[in-house]
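Here are a few short exercises to try with the model open beside you. Work through each task before you read its solution.

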Amino acid sequence: MSLTHQIALSLIKGVGPMLAKNLLFHFGSAEAVFVASKQEMKKVEGIGEKTANAILATNALAVAEKQLGFIQKHGIKVLFYGDKAYPKRLRQCYDAPLLLYYKGHADLNHHRIVSVVGTRNATAYGKQLCKQLIGALLPYDVIVVSGLALGIDAVAHQESLAQGLPTVGVLAHGLDRIYPAVHRELTQKMARQGGLLTEFLPGTNPDRENFPKRNRIIAGMSDVTIVVEASIKGGALITAELANSYNRDVYAFPGRTSDEFSEGCNFLIKTNRAGLINHPRDLIYYLGWDDEPVAKKEIQTQMPIQLNKEEQVIVDLLREEPMSTDELAIQSDTPQSKLAMTLLTLEMQGILISLPGKIYKLA
């Protein structure tokens, strides 16, 4: 099919992805749509008088011709709904885009794709969880997908690059710009070690209504969506809801009930919209990846950042061997009440594992 006609079909006002697919199914090609009569168009499910007139009157072919020059000049790949390279998981979604624009090298049909989403206002707790999660995914050959927003999205992309995992950013605008602009250097690295993906043509601004559309791609192209930290009104909850509607797995890290940016995660878990994960290893178990060998020593070297003095003492003691709380209290010269809080904090961060008999060891 003509790439110009494919692009043009996606540009007709009032013809969304579902109607476009109905037209393709009926006429067999994008070219045939643009030469069809009004009477023939009205035979297509969902096409009435108004939409048929819009198709006949559209200047979409002329716009598509202009866009094609920019696309070819900048090496942008156009992925049509029926193409082999189009994300097969996304194709299963009823509202999948007709076209995607892609710059990068990651295989969008990779055997394991994980979406990581969360608040733009990430706390130290959320950032640390996100880094732990990416570190735990390292041995399992995954592609990490997120939305290139500030906060958790950015941490997911940055940590993936640091760990050597390919990462794909799904954009709410065209590939001729980067939003937020502070991520320009980050996206250059992602284009080499992953990719940038959007359904929006060059020239499209990051308008508010584009973000939910972006979120459906994040949810639809992945096996599982993980919400690291989110408020009750965050876009991450929209992504989780969309993933649920596509019958994809959704998991969330819990947080304190008093924390604004854990409220969304706690809500997802409470309402059975997401499975609870206390530690990244829970995710590996749920997804059935735990039967594969894990480079455990490699993961352990990714020690979470910025331990306080008391936490560092406990971690250093446990590097030698597992210890009971009594032994830790004696050797660290820490009161049991204070030690209990330190151990709980380290366990929630995934640094320690609690064993029977009040014994702890490094994760």
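Helices (H or I, at least four residues) and strands (E, at least two) are DSSP runs, numbered from the N terminus. This is a predicted model in which local features need pLDDT of at least 70, side-chain atom pairs count only at pLDDT 80 or more, and totals for chains, interfaces and linings use all residues. Residues are numbered from 1 along each chain as its sequence is written, and side-chain values use heavy atoms, with hydrogens and water left out.

**Exercise 1.** Find where Asp 333 and Asn 272 lie, and describe their backbone.

Solution. Start with Asp 333, in the loop between helix H17 (325-332) and helix H18 (336-348). Its phi is positive, about 55°, although Asp 333 is not a glycine. Next, go to the loop between helix H13 (263-270) and strand E9 (275-276), which holds Asn 272. Here too a non-glycine residue, Asn 272, has a positive phi, of about 60°. For background, most residues other than glycine have a negative phi.

**Exercise 2.** Are Asp 333 and Asn 272 buried or exposed?

Solution. First recall the cut-offs: buried means under 20% relative accessible area, exposed over 50%, partly exposed in between (1.4 Å probe, protein chains only). Asp 333 has 70%, so it is exposed. Asn 272 has 71%, so it is exposed as well.

**Exercise 3.** Which peptide bond leading to Pro 180 is cis?

Solution. Locate Pro 180 in the loop between strand E5 (167-170) and H10. Then check the bond from Tyr 179 to Pro 180: this one is cis, with omega near -5°.
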